[in-house]
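Thank you for making time for this. I would like to walk you through one structure, going slowly enough that someone new to the model can follow along.

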Amino acid sequence: MYNNDYIMRMIEDMSAFLANVVFHKNAAAIEIFDEQGNLSASGLLQLQLLALIGEGRLNDAENLLFEKIAARPDPAYLPVARDFYTQLETLSDEALTEAGFSRAEIEEGWEDIERLCQQG
């Protein structure tokens, strides 16, 4: 059991490190694993979104975010959504345009997520 806890901590530490290095952010606010050491739903979504952002598939990432929140409005998804839009804000205009995304969509998407979470 101790070995699994150690491995889980190492995975969390490595995820936080990569998020800090690649995206210049502190990932401590989003728990990747729950208390039992299982991958949390919000943690899985966070990892999926980071992968899609890394691939430049911003529209796919936003669609996934909305699908997950609409299917199960969980307050744990709100920090993931906030982080997602924060990541998009750090991208250059050129990168956003290349991915078929705009700064206006970032603001609009965040507002839509907030409304969706308040309704849920």
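Let me begin with R103 and D93, whose side chains meet in a salt bridge with an N to O distance of 2.6 Å; by salt bridge I mean a side-chain nitrogen of Lys or Arg within 4 Å of a carboxyl oxygen of Asp or Glu. Because R103 lies in helix α6 and D93 in helix α5 (residues 93–98), this pair ties together parts that are 10 residues apart in sequence. R103 is partly exposed at 35% relative accessibility, and D93 is partly exposed as well, at 49%. In this talk, buried means under 20% relative accessible area, exposed means over 50%, and partly exposed is what falls in between, calculated with a 1.4 Å probe and with protein chains only.

Before going on, I should say that this is a predicted model, in which local features need pLDDT of at least 70 and side-chain atom pairs count only at pLDDT 80 or more, while totals for chains, interfaces and linings use all residues. Residues are numbered from 1 along each chain as its sequence is written, and side-chain values use heavy atoms, with hydrogens and water left out.

How many salt bridges does a search of the whole structure find? The search finds four, and one of them joins R115 and D112, whose side chains meet at 2.4 Å from N to O. Both of these residues lie in helix α6, three residues apart, which is about one turn of the helix. As for their surroundings, R115 is partly exposed at 43% relative accessibility, and D112 is partly exposed at 26%.

Another salt bridge is formed by D60 with R57, where the closest N and O atoms are 2.9 Å apart. This pair belongs to a wider arrangement, since E55, R57 and D60 are linked in a network of salt bridges. D60 counts as partly exposed, with a relative accessibility of 37%, and R57 is also partly exposed, at 40%.

Let me now step back to the chain as a whole. Its secondary structure comes to six helices and zero strands, where helices (H or I, at least four residues) and strands (E, at least two) are DSSP runs numbered from the N terminus. Read along the sequence, the pattern is therefore simply α-α-α-α-α-α. The chain has 120 residues, and buried residues make up 32% of them.

That brings me to the interior. In soluble globular proteins, nonpolar side chains tend to be buried together. Here, the largest nonpolar core has 21 residues, and L49, L65, F84, Y85 and L88 are the members that touch the most others; a nonpolar core is a set of buried Ala, Val, Leu, Ile, Met, Phe, Trp, Tyr and Cys residues joined through side-chain atoms within 4.5 Å. Helices α2, α3 (58–71), α4 (77–90) and α6 each supply at least two residues of this core. Which helix gives the most to it? That is α4, with six residues.

A related residue is L58, which is found in helix α3 and is buried, with a relative accessible area of 2%. The C-alpha atoms of L58 and L88 are separated by 8.2 Å, although the two residues are 30 apart along the chain.

Finally, let us turn to the surface, where E89, E107, E108, E111 and E114 gather in a patch of negative charge. Patches are made of residues with over 30% relative accessible area and no salt bridge, with like charges joined within 9 Å and nonpolar side chains (Val, Leu, Ile, Met, Phe, Trp, Tyr) within 5 Å. Helix α6 (residues 103–119) contributes the largest share of the negative patch, four residues. One residue of that helix is E114, which is partly exposed at 34% relative accessible area.

There is a nonpolar patch on the surface too, formed by L39, L44 and L47, with about 220 Å² of accessible area together. Within that patch, L39 sits in the loop between α1 (2–23) and α2 (41–54), and L39 is partly exposed, with a relative accessible area of 41%.

Terms used:
Areas by Shrake-Rupley, 256 points an atom, 1.4 Å probe, with all protein chains shown as cover. Lys, Arg positive; Asp, Glu negative; His and termini not counted. Charge placed at Lys NZ, Arg CZ, Asp CG, Glu CD.
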